[in-house]
Structure formats: structure tokens, C-alpha cells
Amino acid sequence: MASLSLSKGSNLSLTKADPGLTRAMVGLGWDPRTTAGESFDLDASALLVTSAGRVRSNDDFVFYNQLAAVDGSVVHQGDNRTGVGEGDDEQIMIDLSLVAPEVEKVVIIVSIDQADARRQNFGMVRGAFCRVVNDDSGQEVVRYDLTEDAASETCMIFSEIYRHGVEWKFRAVGQGYASGLRGIATDFGIVLD
């Protein structure tokens, strides 16, 4: 099975592309542009979102300080603080069979840690991608390479894995936020102190 490459706004039925897919590994990668000064740290996160467009509670926010959803359906594999090297910089595992029925989609986000203090944004990021791999077979199902320049954005929704009837689908989103992770999290109903 060959991997399919999508462009911004496109979607793909994961169920049709790989009927055996249950455990999806979402791999995220990027290369920081060489900059003077502070180090460059991007962080992947996931939000479990209902049909109302919001999380059920803060337990539905999976990130480096809360590595797993309470039900174990979404598990972050750990923080990479540099983006150096080939392949995935961070990975999020999604067991589609464990995602609660009221969760309509899993939103995959990447944010720049301390972006304002370090004066960094996605315009300084190169080679960013998001891919879905069948964790059982090791086969890449779909890939989305972010190509647009997001010069002022400090956080970005890379993709969504969502329900469509009985199918699971992947959408290449590529939507940037200048308000950072706090802005996205708040928009989806996360309560921050």
C-alpha cells in the first residue's frame, strides 16, 4: 500500500485507505530554521473534541504535561525539545477502537514553546509534516507536508482525525493561530489558570 500525500484542506478516508487500521501513530516533524539566540522547541498536542466543537473537560487535552487521555485512547509519546534529526520529532498514538463515541474528532496541534519570549513563529519552521502510520503494520497511510508560510503564527492545527458515519477520516488543516496554544486550547473549551 502506497502512502497518499494531501494538500491543505484535503481529506482521506483512513477506513477505506487501510481497512485494518485501529492503532494510528500520528508522527509530526519539523526543522527549525537556523536562528541566533534562544533554542527552538515545538510541542505536539491533541484535543479530543465532541460534535459541539469543544472538549468534554481538561482531561481531553493530551500534551507534554498530560501524556494520555483518561481512557487511554490518545497517548503522547514524549517531548522532543530540538527538532534535530530525521523522521518524526514527536508522536501521538491514537487507538481508534478506544475513542469514546461522543468524541467526534482528535485535533492535532503543534505549538512553539515560549514563542513570544523567544520571538519565534512558524515562519521560522521548515520541513513541517504530519503523517499517519498504521502502528500494527508499520505502513504510512497518509502524509501532509505543510508548505505555506505562517510568519506570524505561534501555534498551528496540523490535522484532524475525525468520524464520518462509520468511517475514520484524516483532514489536512494547516490553520495557524497568532494567539498560541493558549488561544487554541481556550477556543476548544480548555480552562486555563
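1. Surface first. In this predicted model, the protein chain exposes about 8900 Å², and 47% of that area is supplied by carbon and sulfur atoms. Buried residues account for 53% of the 193 residues in the chain.

2. Overall make-up. You'll be looking at three helices and 12 strands. If you take the contacts with a separation of 6 or more, 70% of them come from residues 24 or more positions apart.

3. The six-stranded sheet. Reading across, the order is E2-E12-E11-E8-E4-E5; the sheet is open and its pairing is antiparallel. Strand E2 (11-13) and strand E5 (61-62) are the edges, each pairing on one side only. At the E2 edge, three bridges tie E2 to strand E12 (residues 167-177), and the two run antiparallel. For a handle on the register there, Ser-13 has Lys-169 in E12 as its bridge partner.

4. The E1, E9 and E10 strands. Here a parallel pairing turns up: strand E1 (residues 4-6) and strand E10 (residues 140-145) pair in that sense over three bridges. Leu-6 is matched with Tyr-144 of E10 in this pairing. E10 also pairs with strand E9 (residues 125-134), this time antiparallel and through five bridges. Arg-131 sits opposite Arg-143 in E10, so to speak arginine facing arginine across the bridge. The hairpin of E9 and E10 has five residues between the strands, and Gly-138 in that hairpin takes a positive phi near 80°.

5. Helix H3 on the strands. Which strands does helix H3 lie across? H3 (residues 180-187) lies across strand E4 (42-50), E5, strand E8 (103-112), strand E11 (155-164) and E12, and runs at about 30° to E11. Its buried residues are Gly-180, Leu-181, Gly-183, Ile-184 and Ala-185. The cover over those residues includes E4, E5, E8, E11 and E12. Just after the helix, Gly-189 takes a positive phi of about 100°.

6. Ser-45, under H3. Ser-45 belongs to strand E4. How much relative accessible area does Ser-45 have? It is 1%, which is why Ser-45 counts as buried, the cut-off being under 20%. Leaving aside neighbours within four places in sequence, Ser-45 is in contact with Leu-181, as well as with Phe-61, Val-62, Phe-63, Ile-92, Val-107, Ile-108 and Ile-109. Leu-181 is one of the buried residues of H3, so this contact links the E4 serine to the helix.

7. Lys-105, a lysine worth a look. Lys-105 is found in strand E8. Is Lys-105 buried or exposed? At 17% relative accessibility it counts as buried, because the cut-off is under 20%. The side chain of Lys-105 makes a polar contact with the side chain of Glu-160, at 3.4 Å. Beyond four places in sequence, Lys-105 is in contact with Leu-47, Leu-48 and Val-49, and also with Glu-160, Ile-161 and Tyr-162.

8. The nonpolar cores. The largest nonpolar core has 41 residues, and those touching the most other members are Leu-14, Leu-28, Val-74, Ile-94, Phe-158, Ile-161 and Phe-170. At least two core residues each come from strand E3 (23-32), E4, strand E7 (90-95), E8, E9, E10, E11 and E12. E8 gives the largest share, five residues. Apart from this core lies another, of 16 residues, among them Val-55, Ile-109, Tyr-177 and Ile-190. As general background, nonpolar side chains tend to be buried together in soluble globular proteins.

9. Leu-28 up close. What does Leu-28 touch, not counting residues up to four places away in sequence? Its partners include Ala-44, Ile-92, Ile-108, Val-110, Phe-129, Cys-130 and Phe-158. Asp-88, Asp-89 and Glu-90 are also among the residues that Leu-28 touches. Phe-158, like Leu-28, is listed with the core members that touch the most others.

10. Ala-178, out in a loop. Ala-178 has its place in the loop between E12 and H3. With a relative accessible area of 54%, Ala-178 is exposed, because exposed means over 50%. Ala-178 touches Ser-152, Glu-153 and Thr-154, not counting residues up to four places away in sequence. Ala-178 and Asp-116 are 62 residues apart in sequence, and their C-alpha atoms are 10.0 Å apart in space.

Methods: Residues numbered from 1 in each chain as written. Heavy atoms only, no water. Pairing = 2+ DSSP bridges. Helix = DSSP H or I, 4+ residues; strand = E, 2+ residues; numbered from the N terminus. Contact = heavy atoms within 4.5 Å. Axes fitted to C-alpha atoms, helices over the stretch in contact; angles between N-to-C directions. Buried < 20%, exposed > 50% of the residue type's maximum accessible area, 1.4 Å probe, protein only. Polar contact = N/O pair within 3.5 Å; in protein donor to acceptor, adjacent residues only side chain to side chain. Areas by Shrake-Rupley, 256 points an atom, 1.4 Å probe, with all protein chains shown as cover. Core = buried A, V, L, I, M, F, W, Y, C linked by side-chain atoms within 4.5 Å.
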